[in-house]
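Student: Could we go through this structure together, step by step, with the reasoning spelled out for each point?

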Amino acid sequence: ILDEGGRKLPSPPAPIKVGDKFKLLDDEYFVMGRVVYRGWDPSDTSDYWVWNEWLLGAKSGQMLWLSLDEHGFALFRKMRFRSQFDVRTSRTIEIESGKQVFINERYPAQIVGAEGELTWRAKRGEQLWVAEGAGFGKKYSIQKTENELEVYEGKAIAEAELADSMGDEKWKNEIKNRANWGMTFGLVALLWIIFGVVALVGAAIARTSGNV
């Protein structure tokens, strides 16, 4: 996969391609484009992480961002600021009805690359600051570039729900196989623990019996 500059993008960590369609929130969305980001700890640049965001558009004009990071998938929509906010220093962000959400993480990031159609020209290497918070069952992401400050409100969504909304049977089977493998691995680990406990108890009984 190449971005508009002909550079190779990292393969997406999920089987989602530009042009794919999702049935979400009673509307049909199609994947318009993807942006790959890289964030890092400002005190330790060797500690970094990568996440993907796909822009989803509907015929109605509605747009969503589908994000995938180390915590899983989430759907975000753009919201307006209700009060002043400094991405580097503000401790809370105001949402609806005067409610406040605490900011629990902030870090620098940059664009690794992009593909497809987006609502702005995503430039490889472009720097930004990200602040994140969560509250009242929702997630909040505030992004500050050189020219813009934007806030997005979102909610986690299960991978299986996304695969089902796309109607991708192969993806759905992969998720089921992973779940089955996880259950099997967990059962085996539990059995080993039980065997270990039984062996320890047996050894303790044997030592006690030998001392009588």
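Tutor: What follows is a set of questions and answers on a predicted model.

Student: Which residue of the salt bridge between Asp20 and Lys17 counts as buried?

Tutor: The side chains of Asp20 and Lys17 meet at 3.6 Å, N to O, in a salt bridge. Lys17 has a relative accessibility of 53% and therefore counts as exposed, since exposed means over 50%. Buried means under 20%, and because its relative accessibility is 14%, the residue that counts as buried is Asp20.

Student: Lys78 and Glu150 also meet in a salt bridge; how many residues apart are they?

Tutor: The N to O distance between the side chains of Lys78 and Glu150 is 3.0 Å. This pair links distant parts of the chain, with Lys78 in strand β5 (residues 72–79) and Glu150 in strand β10 (residues 149–156), and the separation is 72 residues.

Student: Is Glu150 buried or exposed?

Tutor: Its salt-bridge partner, Lys78, has 54% relative accessibility and so counts as exposed. Glu150 has a relative accessible area of 16%, and because buried means under 20%, Glu150 is buried.

Student: Which residue is linked with Asp164 and Lys172 in a network of salt bridges?

Tutor: Asp164 and Lys172 meet through their side chains in a salt bridge of 3.3 Å, N to O. Asp164 has a relative accessible area of 49%, and is therefore partly exposed. The network of salt bridges that links Asp164 and Lys172 also includes Glu169.

Student: How many residues does the largest nonpolar core have?

Tutor: The residues with the most contacts inside this core are Ile16, Phe22, Leu56, Leu66, Phe73 and Trp171. Among the elements that give two or more residues to the core are the strands β1 (21–24) and β4 (63–69), together with α1 (159–166) and α2 (169–211). Leu66, leaving aside its neighbours within four places in sequence, is in contact with residues including Ile16, Phe22, Leu56, Phe73 and Leu162. The size of the largest nonpolar core is 20 residues.

Student: How many residues are in the other core, the one with Tyr37 and Tyr152?

Tutor: This other core lies apart from the largest nonpolar core, and Ala109 and Ile111 are among its residues, as are Tyr37 and Tyr152. Its size is 18 residues.

Student: Which residue takes a positive phi in the hairpin of β8 and β9?

Tutor: Strand β8 (residues 127–135) and strand β9 (residues 138–144) pair in the antiparallel sense over 7 bridges, and Gly135 stands opposite Lys138 in β9. The hairpin has 2 residues between its strands, and the residue with a positive phi near 55° is Phe136.

Student: What is the bridge partner of Gln143 in β10?

Tutor: β9 and β10 run antiparallel and are joined by 6 bridges, in a hairpin that has 4 residues between the two strands. The partner of Gln143 in β10 is the residue that also meets Lys78 in a salt bridge, namely Glu150.

Student: Which strand gives the most to the lining of the largest pocket?

Tutor: About 940 Å³ of space lies in the largest pocket, and its lining is made by 41 residues, of which Tyr37, Glu53, Leu128, Gln143 and Tyr152 lie nearest the centre. At least two lining residues come from each of β3, β4, β5, β7 (100–116), β8, β9 and β10. With 6 residues, the strand that gives the most to this lining is β8.

Technical notes
Residues numbered from 1 in each chain as written. Predicted model: local features only at pLDDT ≥ 70, side-chain atom pairs only at ≥ 80, totals over all residues. Heavy atoms only, no water. Salt bridge = Lys/Arg side-chain N within 4 Å of Asp/Glu carboxyl O. Buried < 20%, exposed > 50% of the residue type's maximum accessible area, 1.4 Å probe, protein only. Core = buried A, V, L, I, M, F, W, Y, C linked by side-chain atoms within 4.5 Å. Contact = heavy atoms within 4.5 Å. Pairing = 2+ DSSP bridges. 1 Å grid on protein atoms, 1.4 Å probe; cavity = no way out; pocket = protein on both sides within 12 Å on 5 of 7 lines; lining within 4 Å. Points joined across faces, edges and corners; volume = space filled by probe spheres on them.
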